[in-house]
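Reader: Hi! Could you walk me through this protein with me looking along?
Author: Happy to, here it comes.

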Amino acid sequence: FQVGVMPPASSFTAHTRILGPFQGITPQDYQSMGLFIGTGHQDHYAKLVVTANGGAGGIEFLKEVNGIPTGRPQAPVALPGPDAIDLYLTIDRAAGTVQPSFTVTTAGTTGPRTTVGGPEPIPASWLSGTSALAAGIISTSNGAGLPFPATWDFVEVVPDTAPSKTLVANPTSLAFESSQGGASQSANVGLSASDSAGATYSVTDNATWLTVTPTSGTTPSSL
């Protein structure tokens, strides 16, 4: 099963949840269930799957371009056991990469999101032109064996939310001491953005005895 997705301009994530993987059975050989993105052709895709891993259980990422596979070491996860495993393929369109990651939920508690290696380059042609990117579910096995159940709770492809940006003041507070009619005092406050990128700002004062300059600008800056 797959759907066509027109990639957004920024990064986005394909996400699915596998319910009770291999529940009630012993994982065998190359049995797997999971998520993929690609062109819709079996020789051009990247997948992240919950896999039998020869009976040990694990999470496997594999990319195939022109029929040539590129893999990496599996992340071990004991199976069966988890209530659910969430699989994520995060595509950075600007960088031309995909980052695989997963979470494991056991006894109602979801663990941290864990990456399977670093970002993996993908062909620019997967994300360019007028053709949609294929995203969907995948399940495989190898050789003779009994059928095994696989249950996907949902499949979604969503734009990534940009991290919120805040202004950071250094120092965070100032203290002044002066007698009435005495000389004025001054101090500097540095302004930067939480993500280290430039951010515009404006400043106003709320007291007759206080003056701030400059009243606007772009970080990094000093008041």
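Reader: Where is the place of Thr-13?
Author: Thr-13 is in strand β2; strands are DSSP runs of E with at least two residues, numbered from the N terminus. This is a predicted model, where local features need pLDDT of at least 70, side-chain atom pairs count only at pLDDT 80 or more, and totals for chains, interfaces and linings use all residues. Residues are numbered from 1 along each chain as its sequence is written, and side-chain values use heavy atoms, leaving out hydrogens and water.

Reader: Cool. Is Thr-13 buried or exposed?
Author: Thr-13 is buried, at a relative accessible area of 6% (buried means under 20%, exposed over 50%, partly exposed in between, with a 1.4 Å probe and protein chains only).

Reader: And which side chain makes a polar contact with the side chain of Thr-13?
Author: That of Thr-90, at 2.9 Å. A polar contact is a pair of N or O atoms within 3.5 Å; within protein, one must be able to donate a hydrogen and the other to accept it, and residues adjacent in sequence count only if both atoms are side-chain atoms.

Reader: New topic: how many aromatic pairs does a search of the whole structure find?
Author: One. Phe-22 and Phe-148 are stacked, 6.0 Å centre to centre with 25° between the planes (ring centres of Phe, Tyr or Trp, its six-membered ring, within 6.5 Å make a pair; planes under 30 degrees apart are stacked, over 60 edge-to-face, the rest tilted).

Reader: Which parts does the pair tie together?
Author: Phe-22 lies in the loop between β2 (12-19) and β3 (32-41), and Phe-148 in the one between β13 (133-140) and β14 (152-159), so the pair links parts 126 residues apart in sequence. Both Phe-22 and Phe-148 are buried.

Methods:
Helix = DSSP H or I, 4+ residues; strand = E, 2+ residues; numbered from the N terminus.
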